Amino acid sequence: MNNGGVQEGAAVAGAQQPLEWKFSQVFGERTAGEEVQEVDIISAIEFDRSGDHLATGDRGGRVVLFERTDTHNHGGHRRDLERMDYPITGHPEFRYKTEFQSHEPEFDYLKSLEIEEKINKIRWCQSANGALFLLSTNDKTIKLWKVQEKKVKKVCDMNVDPTKAMGNGPNVGSSVSSGSTSSKPYTANGGYPINDFSYPTGGLSSLHLPVVTGHETSLVARCRRIYAHAHDYHINSISNNSDGETFISADDLRINLWNLEISNQSFNIVDVKPANMEDLTEVITSAEFHPTHCNMLAYSSSKGSIRLVDLRQSALCDSHSKLFEEQEAPGSKSFFTEIMASISDIKFAKNGRHILSRDYMSLKLWDINMDSHPVATFQVHEHLRPKLCDLYENDSIFDKFECCLSGDGLRVATGSYSNLFRVFGCSEGSTEATTLEASKNPMRRQVQTPARPTRSLSSFSGVVRRVKGVDNSGVDTNGNTFDFMTKLLHLAWHPTENSLACAASNSLYMYYA
């Protein structure tokens with residue numbers, strides 16, 4: 001009991017000290033003035049459960065895999081060595097492993113719609129027999145991929161000299177035409193007999209069997225399953241179940257439950273489509289399974305609410321077990337309120353006790369046992385409130401930022417504009433609110449805005465004046481310029497360490513603390 005209390009107190013005390021983030025490495029770094037191709041922009045990023053592999057997807061439909069290299073330098077797994085207080089030097093290092101084309105552009109002839117190849121989400125499955133398995137999806141089709149090392153085998157130690165070997169046809173170098181007449185007889189399989197074949201020295205006793213040898217190994221990605229034709233609207237989420245057998249896929253109006261082994265059948269478990277589409281008031285924006293309870297999942301909506309669903313209640317989960325929704329302050333509603341309330345991403349904490357949600361302006365941490373209000377709210381880019389008109393004009397207000405939690409649940413992170421991302425401490429008493437830039441010098445720009453400001457939308461009138469000639473840049477409270485066109489939408493936290501992977505356009509930046 002006392003020991004547990006000491007550990008808990010130490011964890012809280014440690015969380016109050018802000019982490020010092022350092023640059024680790026970058027893949028696909030742009031040179032000054034280099035133009036980025038649309039297909040190279042990263043659109044999804046995900047660590048596997050062990051943290052030894054990282055996958056990214058891009059708008060060109062490609063999936064790129066990276067693997068951890070520093071775990072092998074000490075003869076054991078990094079986490080195991082840390083438990084033994086082994087002195088580990090250096091920083092986490094990844095290297096390029098392989099890449100493959102996951103999706104191709106398609107055309108729906110029935111609806112006359114183009115289907116982009118862009119990878120929306122990637123989720124790792126349980127590995128087996130040394131092979132890696134992962135799910136990837138674009139707007140309409142989900143695919144299960146198996147990535148495995150294959151040995152290239154070659155037959156060696158032949159008895160016959162290859163230069164004198166017979167083939168299923170004429171000898172190499174000879175030409176046979178329909179009108180040619182040759183005195184050489186054909187063998188049964190169509191080849192010419194070789195008369196100058198000589199027996200090996202010592203007779204037949206020296207003949208030996210050819211040997212099949214394995215030379216180099218190559219990584220092969222093979223599509224094992226294709227889960228298609230189950231969504232009328234764009235898929236925004238996929239999530240693996242803790243049972244290792246099923247997963248869900250969600251679009252704007254429906255959530256489907258799949259078995260990994262069955263690709264031609266799925267079960268619709270959530271359907272929010274009204275009988276009359278004119279009555280539609282909200283759509284599904286994100287969905288995720290509980291990390292340990294295979295019967296529970298959560299999904300968020302464009303109205304800023306999160307619903308917790310128990311699959312044991314009914315086959316069609318139209319009714320939710322819990323509704324997490326923060327009530328608006330009286331008189332605080334404005335033209336932008338509903339747009340900014342839309343949740344773009346939700347994540348369960350590793351222990352399943354908390355849910356992290358990201359709306360346009362803030363991060364909210366919910367306790368699944370308390371649905372009245374979030375236990376913590378973190379303002380991400382409060383200095384943008386005076387620019388809401390401009391953000392609406394250039395559609396930036398509809399950007400969908402992702403969020404993530406550390407493996408120990410003590411910190412949360414999300415992205416912002418100008419390739420900035422923010423890390424907040426969420427333990428009791430923590431005031432950590434760090435702003436980092438996706439560059440080789442992450443601490444270059446520090447925005448000293450409070451983590452929990454009290455300013456509300458009540459300072460804005462309900463009528464918004466439309467402004468022409470929108471400026472895509474501005475100045476924050478510290479005088480730093482920010483750019484709406486460079487945004488950090490995708491990032492992932494290592495499952496066991498304080499290590500972050502961030503996608504800035506076509507570049508993948510990695511940091512550690």
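## Salt bridges and a small sheet: worked exercises

E402 is buried, at a relative accessible area of 9%. Keep that residue in mind as you work through this predicted model.

**Exercise 1.** Find the salt-bridge partner of E402 and say whether that partner is buried or exposed.

*Solution.* Start with the contact: E402 forms a salt bridge with K121, and the closest N and O atoms are 3.3 Å apart. Next, place both ends. K121 sits in strand β8 (residues 121–124), while E402 is in the loop between α4 (388–393) and β24 (403–405), so the pair ties together parts that are 281 residues apart in sequence. Now check accessibility. Buried means under 20% relative accessible area. K121 comes in at 10%, so K121 counts as buried. E402, at 9%, is buried too.

**Exercise 2.** Take the salt bridge between R353 and D367 and work out which parts of the chain it ties together.

*Solution.* Look at the distance to begin with: the two side chains meet at 2.8 Å, N to O. Then locate them. R353 belongs to the loop between β20 (345–348) and β21 (354–358), and D367 to strand β22 (residues 362–367), so the bridge ties together parts 14 residues apart in sequence. Finally, compare burial: D367 is buried at 11% relative accessibility, whereas R353 is partly exposed at 37%.

**Exercise 3.** Do the same for D399 and K487.

*Solution.* The closest N and O atoms of this salt bridge are 3.0 Å apart. D399 lies in the loop between α4 and β24 and K487 in the loop between β29 (481–483) and β30 (490–493), so you're looking at a link between distant parts of the chain, 88 residues apart. On accessibility, D399 is buried at 16%, and K487 is partly exposed at 22%.

Salt bridges can also share partners: K111, D232, R254 and D271 are joined that way into one network. How many salt bridges does a search of the whole structure find? The tally is 24.

**Exercise 4.** Lay out the sheet that contains β3 and β4, and find its edges.

*Solution.* Write down the strand order: β2-β3-β4-β5, an open sheet of 4 strands with antiparallel pairing. The edge strands are β2 (42–47) and β5 (94–101), each of which pairs on one side only. From one strand to the next, the twist averages 20°. Now zoom in on the middle of that order. Antiparallel strands β3 (residues 53–58) and β4 (residues 62–68) are joined by 5 bridges. For a landmark, pick G57, which stands opposite V63 in β4.

Key
Residues are numbered from 1 along each chain as its sequence is written. This is a predicted model: local features need pLDDT of at least 70, side-chain atom pairs count only at pLDDT 80 or more; totals for chains, interfaces and linings use all residues. Side-chain values use heavy atoms; hydrogens and water are left out. Two strands pair if DSSP finds at least two bridges between them. Helices (H or I, at least four residues) and strands (E, at least two) are DSSP runs, numbered from the N terminus. Axes are lines fitted to C-alpha atoms, for helices over the stretch in contact, and angles run from 0 to 180 degrees between N-to-C directions. A salt bridge is a side-chain nitrogen of Lys or Arg within 4 Å of a carboxyl oxygen of Asp or Glu. Buried means under 20% relative accessible area, exposed over 50%, partly exposed in between (1.4 Å probe, protein chains only).
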